[in-house]
Amino acid sequence: MFVGIDDTDSPNGMCTTFICKMIMDELPPSCHIIDFPRLIRLNPNIPYKTRGNGALSFEVAGDPNIVVQKAKEIIKRYVVMHPNTNPGIVILEDDVPIILNEFYEHALHDHVAIEEAHSLAKELGARSLIYGNGRGLIGALASIGAVLPDFTYELIAYRLPENIGKKRAIDKESVKKLDRKYYPLIFDSYDWHNDYLAIAPNAPCPVLYGLRGNDWRMLQKASEMIISEPVFKSQIFLTNQATDAHIKDMPLGQLEEYMSVHSRAKVSGEPHYEHKGHVFFTIEDDTGEMICAAYEPTKEFRNIVSQLIPGDEIEVWGGVKATDYGMTLNLEKIKIVDLVPIYANIVPLCCGRKMNSVGREKGYRCKQCGIRIDQSDVSKRKVERASKLGLYEVPVIARRHLAKPISRI
Ligand code: ATP
């Protein structure tokens, strides 16, 4: 049978991965867990998420009544209800049908209504436990339905109960050492440019750290390098993180709110900084136009996009969101494919000195003898662009769970 769980956390604490781990660990020996549990990230643009829109699932052989009882008990013991906490648990005793795989795709790319999840659970004959408005059922079902053509692993270490809520004690130097040794096979651990420890969450949840990588054995070995406060429990999860699973190729004219897309376009409007340090510019293709945003938290990535000029050809990856600035594509990566050449005038000489400009693109005049040269007769030289062709991504500090790091491409 498959067990799906979601929405057991709130901004004040808890974490659905921990609830999943506790249910698994406290099942009696008559229940056998099959393979790794799965941490499945869903649409990163929907507004209900607490942090990374993660949903959990695992496969287990045993008595479904025991699993349901244990799930209820763990929810009661650990989940602190909050207006935005709407736990959902699904127990599916049959094989995963295609319709559930399709539901995962739907929850990954679109906005899903709670009723859709309810009627699907009913149609599948799955048992469900719902609390609050039952929204958690969406993620619980989608996690079971996830198909992972590409996947990675995350090893999550949990804190001792008495330490939860206190400042996390993790030796940064040990993580830097780990990153030097294992990057890029273990990724998004430390942001060197921004001196940011990316393995530790900022929320007061039971997670001490999460190590992300391509190979679970390597994660286990590498975790031994981390010097930290005591680890209560740890668990390896199979995930769709760092795979770009959320991205669909899409022309600009078809972009809609909540989508995450990859599009090829031309820069159509000059990038400019807004007062909060966000950078905005517009792009266009044959089908439409779109505002692109590189927000302040994307740090040095803003330097790359701010040097683009109208006419440059780029590929963009990002999420479509309705914001105060209008419908924007929040950039995760860009590829600079072609740069428009820019030219500067070679200032002509006369009477042994440089001539004076008459005005922008209006030609030159010699102060000495009064001779004029029309702009059309002025020679030009090609100016080297600050931008360079290539693929660029937001730094680790701003990375979305689903975004595929360039190091994995
Ligand atoms: P964390 O990453 O800390 O576990 P979270 O960011 O996963 O937190 P949740 O508390 O799980 O956030 O809230 C996300 C809610 O949105 C869940 O109820 C989930 O079922 C629901 N949800 C997930 N995907 C969609 C979607 N595509 N459309 C509508 N609701 C969704």
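This tour takes you through three helix pairs and then the ligand. Keep in mind that you are looking at a predicted model.

**Stop 1: α1 and α2**

Select residues 16–26, which form helix α1, and residues 64–78, which form helix α2. Their axes are 9 Å apart, and the helices pack at an angle of about 135°. α1 and α2 are therefore oblique to each other. Turn the view until one helix lies in front of the other: this crossing of α1 and α2 is right-handed.

Now show the side chains. On α1, pick Phe18, Ile19, Met22, Ile23 and Glu26; they meet Lys70, Ala71, Glu73, Ile74, Ile75, Arg77 and Tyr78 on α2. Try colouring by class: the contact of α1 with α2 has 8 nonpolar and 4 charged residues, with no polar ones.

**Stop 2: α3 and α4**

Next, select residues 98–109 for helix α3 and residues 114–124 for helix α4. How do these two run relative to each other, roughly parallel or roughly antiparallel? Their axes come within 11 Å and cross at roughly 165°. Since angles over 145 degrees count as roughly antiparallel, that makes α3 roughly antiparallel to α4. Here α3 passes α4 in a left-handed crossing.

To see where they touch, highlight Ile99, Leu100, Phe103 and His106 in α3, then Glu116, Ala117, Leu120, Glu123 and Leu124 in α4. By class, the contact of α3 with α4 holds 6 nonpolar, 1 polar and 2 charged residues.

**Stop 3: α3 and α5**

Keep α3 selected and add residues 136–145, helix α5. The axes of α3 and α5 come within 7 Å and cross at roughly 120°. That makes α3 oblique to α5, and their crossing is left-handed. On the α3 side of the contact, find Leu100, Asn101, Phe103, Tyr104 and Ala107; on the α5 side, find Ile138, Leu141, Ala142, Ile144 and Gly145. Which classes turn up in the contact of α3 with α5? There are 8 nonpolar and 2 polar residues, and no charged ones.

**Stop 4: the ligand**

Finally, select the ligand and show what is around it. How many residues surround the ligand? There are 22, and the closest are Asp7, Asp9, Arg51, Asn53 and Gly54.

Zoom in on three distances, each ending at an oxygen atom of the ligand:

- Asp6: an N or O atom of its side chain is 2.8 Å from a ligand oxygen.
- Asp9: here the distance from a side-chain N or O atom to a ligand oxygen is 2.6 Å.
- Gly136: this time a backbone N or O atom lies 3.4 Å from a ligand oxygen.

Key
Residues are numbered from 1 along each chain as its sequence is written. This is a predicted model: local features need pLDDT of at least 70, side-chain atom pairs count only at pLDDT 80 or more; totals for chains, interfaces and linings use all residues. Side-chain values use heavy atoms; hydrogens and water are left out. Axes are lines fitted to C-alpha atoms, for helices over the stretch in contact, and angles run from 0 to 180 degrees between N-to-C directions. Helices (H or I, at least four residues) and strands (E, at least two) are DSSP runs, numbered from the N terminus. Angles under 35 degrees count as roughly parallel, over 145 as roughly antiparallel, 65 to 115 as roughly perpendicular and the rest as oblique. A crossing is left-handed if the near helix is turned anticlockwise from the far one by less than a right angle, and right-handed if clockwise. Contact means heavy atoms within 4.5 Å. Ala, Val, Leu, Ile, Met, Phe, Trp, Tyr, Cys and Pro count as nonpolar, Asp, Glu, Lys and Arg as charged, and the others, Gly among them, as polar. A residue is near a molecule or strand if one of its heavy atoms lies within 4 Å of it. A polar contact is a pair of N or O atoms within 3.5 Å; within protein, one must be able to donate a hydrogen and the other to accept it, and residues adjacent in sequence count only if both atoms are side-chain atoms.
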